[in-house]
Amino acid sequence: MINETELIDRLKQGDETAFKTIVEQWKDMVYNTILGIVQNDTEAEDLAQDVFIKVFEKVGTFKGDSKFSTWLYRIATTTALDHLRSKKRKKRFGFLQSLTGSGGDEKEQIPDFHHPGVNLDNKERAAVLFKAIDALPESQKAAYTLHKLEGLSYRDVSEVLNTTVSAVESLMSRANQNLRKQLEEYYNKHYR
Amino acid sequence: MTPQEKIQQEIERTLQSLDSIKRAEANPFLFTRIKARMNRKANGWEEGIFSFVSKPVIAIGILLLVMAVNGWALWDGSGSGENGITDPTSSFSELANEYNIVASVNNYDYENMTNE
């Protein structure tokens, strides 16, 4: 089996077999990270493709200062967050169009996203939690997704997000507070 | 258990619902799809230009621009003469002046020709 450094060197030379090995080895990790952030399987697959194309095109800029997986996580997270930003912009534009009556037939997306990795007993609760995660500010959403869905330690999350461990601790603490607040509102409405 | 306690319990359970989550699996044909996309991308700028021009908004925009240029050309042309009518001889005399052929044209004025 080829080691990671050799694989990356071969990819830098445009070796297709090396590229295929990298895609096969890391596709679930990339897809799962993006899926957790965008919460839509079709969009997540398209974005995972974008990520690997970026990897192929930009591997020359990878200096090896961080782990390759950290670099990959960083590209995946940035790509997913950029996508959410552009979606938000389009939604805002659609809203303006609906006000002027010139279009904007975009309907509000159904919030109940079901992650395929959740076991059946937790399906409904996880859907409620994902809806709350979706409303988090993007840095909290990224930190929470990387930690909870990918099981990264705070140190690993800090490397991906290019920040300090204490900043990640703070992000996670605020994310938990915000989630509790949202869940409380949700269950106060739906539980009685 | 009070309703508030039940809600708190439900919140805790919800927050823990991702604790045993498994990683979602990507499409097994992801690499094939990536390759197809990269090939499409490598097919060059012609396809890009074609797909750009064939967008309805762009196509209609170009059509309107061509129509506007044509309309402007017509309007400009019809407004150049006096009372909107172009004098057909004016351009001829301008040409004649330019090439200094006025005298030679007069030589063909047979009706007023005198024997010199």
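## The largest nonpolar core

In this predicted model, the largest nonpolar core holds 53 residues, and the members that touch the most others are A:I34 and A:A48. Chain A contributes at least two residues to this core from each of α2, α3, α4 (68-100), α5 (123-134), α6 (138-148), α7 and α8, and α2 (30-42) of chain B does likewise. The largest share comes from α2(A), with eleven residues. Both domains of chain A take part: domain 1 (1-109) and domain 2 (113-192) each give at least three residues to the core.

A:A48 is a good place to start looking around. Setting aside neighbours within four places in sequence, A:A48 contacts A:K27, A:V30, A:Y31 and A:I34 in its own chain, and B:A26 and B:L30 across in chain B. A:I34, the other residue named for touching the most core members, is thus one of the contacts of A:A48.

## Chain A at a glance

What secondary structure does chain A have? There are eight helices and zero strands, and the order from the N terminus on is α-α-α-α-α-α-α-α. Of the 192 residues in chain A, 31% are buried. If you take the contacts in chain A between residues at least 6 apart in sequence, 57% of them join residues at least 24 apart.

## Where the two domains of chain A meet

Chain A is divided into domain 1 (1-109) and domain 2 (113-192). Their C-alpha centres lie 20 Å apart, and the contact takes 14 residues from domain 1 and 13 residues from domain 2.

On the domain 1 side, the elements giving two or more residues are α2 and α4 of chain A. Sorted by class, that side of domain 1 has six nonpolar, seven polar and one charged residues.

## Where chain A meets chain B

The contact between the chains takes 33 residues from chain A and 24 residues from chain B. Which elements of chain A give two or more residues to the side that touches chain B? They are α2, α3, α5 and α8. The largest share of this side, eight residues, comes from α2(A), the helix that also supplies the largest share of the nonpolar core.

By class, the side of chain A that touches chain B has 16 nonpolar, seven polar and ten charged residues.

## Two helices of domain 2

Let us turn to α8(A) and α5(A). The helix α8(A) has 26 residues and reaches 37 Å from its first C-alpha to its last, close to the 38 Å expected at 1.5 Å a residue. Its buried residues include A:V168, A:L171, A:A175, A:L179, A:L183 and A:Y187. Among the elements covering the buried residues of α8(A) are α5, α6 and α7 of chain A, together with α1 (3-16) of chain B.

The helix α5(A) has twelve residues and spans 16 Å from its first C-alpha to its last, close to the 16 Å expected at 1.5 Å a residue. Buried in α5(A) are A:A126, A:V128, A:L129, A:F130, A:A132 and A:I133. The cover over these residues includes α6 and α8 of chain A, and α1 of chain B. So much for the helices; now for two loops.

## Two loop residues with positive phi

Most residues other than glycine have a negative phi. A:Q39 has a positive phi of about 55 degrees although it is not a glycine, and A:N162 likewise has a positive phi of about 55 degrees without being a glycine. A:Q39 lies in the loop between α2 (16-38) and α3 (41-58) of chain A, whereas A:N162 is found in the loop between α7 (154-160) and α8 (165-190) of chain A.

Are these residues buried or exposed? A:Q39 counts as buried because it has 24 C-beta neighbours inside 10 Å, where 20 or more are needed. A:N162 counts as exposed because it has 10 such neighbours inside 10 Å, and the limit for that class is 12 or fewer.

## Confidence along chain A

The mean pLDDT of chain A is 91, and 90% of its residues reach 70 or more. Among the elements of chain A, α7(A) has the highest mean pLDDT, 98, and α4(A) the lowest, 87. Over residues 103-110 of chain A, pLDDT stays under 50, and the model has seven contacts beyond four places in sequence for this stretch.

Methods
Residues are numbered from 1 along each chain as its sequence is written. Chains are lettered from A and ligands numbered from 1 in the order in which they are written. This is a predicted model: local features need pLDDT of at least 70, side-chain atom pairs count only at pLDDT 80 or more; totals for chains, interfaces and linings use all residues. Helices (H or I, at least four residues) and strands (E, at least two) are DSSP runs, numbered from the N terminus. A nonpolar core is a set of buried Ala, Val, Leu, Ile, Met, Phe, Trp, Tyr and Cys residues joined through C-beta atoms within 7 Å. Domain bounds come from an automatic or database domain assignment. Ala, Val, Leu, Ile, Met, Phe, Trp, Tyr, Cys and Pro count as nonpolar, Asp, Glu, Lys and Arg as charged, and the others, Gly among them, as polar. pLDDT is the predictor's confidence in each residue, from 0 to 100. The expected span of a helix is 1.5 Å times one less than its number of residues.
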